[in-house]
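Hello, and thanks for passing this one along. Here are a few notes to read beside the model.

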Amino acid sequence: MSASEPIQLAQELERLVLLLVRQRGDLHPSDDPLLSPTQRLALATAVDESPLRLGALAERMGTSDATASRTVDGLEALGLLRRAVDPTDRRGVLVVATPRAVELLAEKRRRLVDILASGLARMPERDQARLVALLGELNDVLDPRQASTRASTPA
């Protein structure tokens, strides 16, 4: 790998993210709340893994419990998350995605799929499959949870 490849990859990924944000913004319904990147991460995690303990949310977000708690506060105020008592440990707090959060994230994901489908349709099928596979590999390498799974799996 040359020293310039990570730089080129970073530039292309940043360009892709900006293009997606711009295009998703064109389809942005007026009642769709504007969320910070931290809130989007917390929301996606909570929707995908709900219910989960506040500490588990913080761990998955790669942040402190305090930051996760403040993030949940904001999402709770928007009606997207709620806190509940953990029935297995009444001292614990569970973070639960509301039906509104599930619908909102499903719609955001549908819009993303539509945008990507439009772009991929203009590429040869072979390149489409290769791009998806390579991004999956890169995600696996960069995801610390995947790294621990790979380390414990015999080659």
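The points below go through the core, the strand pair and three buried residues.

1. A word on provenance before anything else: this is a predicted model. Please read each contact and accessibility value below with that in mind.

2. I would begin with the largest nonpolar core, which has 21 residues. Those with the most contacts inside it are Leu43, Leu57, Leu75, Leu80, Leu81 and Val95. At least two core residues come from each of α2 (37-49), α3 (54-61), α4 (65-77), β3 and α5. The top contributor is α2, with five residues.

3. Val95 deserves a closer look, being listed among the core residues with the most contacts. Beyond its neighbours within four places in sequence, Val95 is in contact with Ala46, Ser50, Pro51, Leu52, Leu54, Leu57, Val72, Leu81 and Arg82. Two of these partners, Leu57 and Leu81, are also on the list of core residues with the most contacts.

4. Next, the strands. β2 (residues 81-86) pairs with β3 in the antiparallel sense, over six bridges. The connection between β2 and β3 is a hairpin through two residues. One bridge to find on screen is that of Asp86, whose partner in β3 is Asp89.

5. Ala97 lies in strand β3. Is Ala97 buried or exposed? Its relative accessibility is 14%, so Ala97 counts as buried, the cut-off being under 20%. Not counting residues up to four places away in sequence, Ala97 touches Ala46, Val47, Ser50, Leu80, Leu81 and Val102. Ala97 and Ala44 are 53 residues apart along the chain, yet their C-alpha atoms are separated by 9.2 Å.

6. Thr98 is found in the loop between β3 (89-97) and α5 (99-120). Thr98 counts as buried because its relative accessibility is 13%. Which residues does Thr98 contact, leaving aside its neighbours within four places in sequence? They are Gly79, Leu80, Leu81 and Arg82.

7. Finally, Thr45 sits in helix α2. With 9% relative accessibility, Thr45 also counts as buried. Residues up to four places away in sequence aside, Thr45 touches Ser50, Leu52, Leu57 and Arg60. Ser50, Leu52 and Leu57 appear among the contacts of Val95 too, and Ser50 is one of the residues that Ala97 touches. Ser50 would therefore be a handy residue to select when you look at Thr45, Val95 and Ala97 together.

Notes. Residues numbered from 1 in each chain as written. Predicted model: local features only at pLDDT ≥ 70, side-chain atom pairs only at ≥ 80, totals over all residues. Heavy atoms only, no water. Helix = DSSP H or I, 4+ residues; strand = E, 2+ residues; numbered from the N terminus. Buried < 20%, exposed > 50% of the residue type's maximum accessible area, 1.4 Å probe, protein only. Contact = heavy atoms within 4.5 Å. Core = buried A, V, L, I, M, F, W, Y, C linked by side-chain atoms within 4.5 Å. Pairing = 2+ DSSP bridges.
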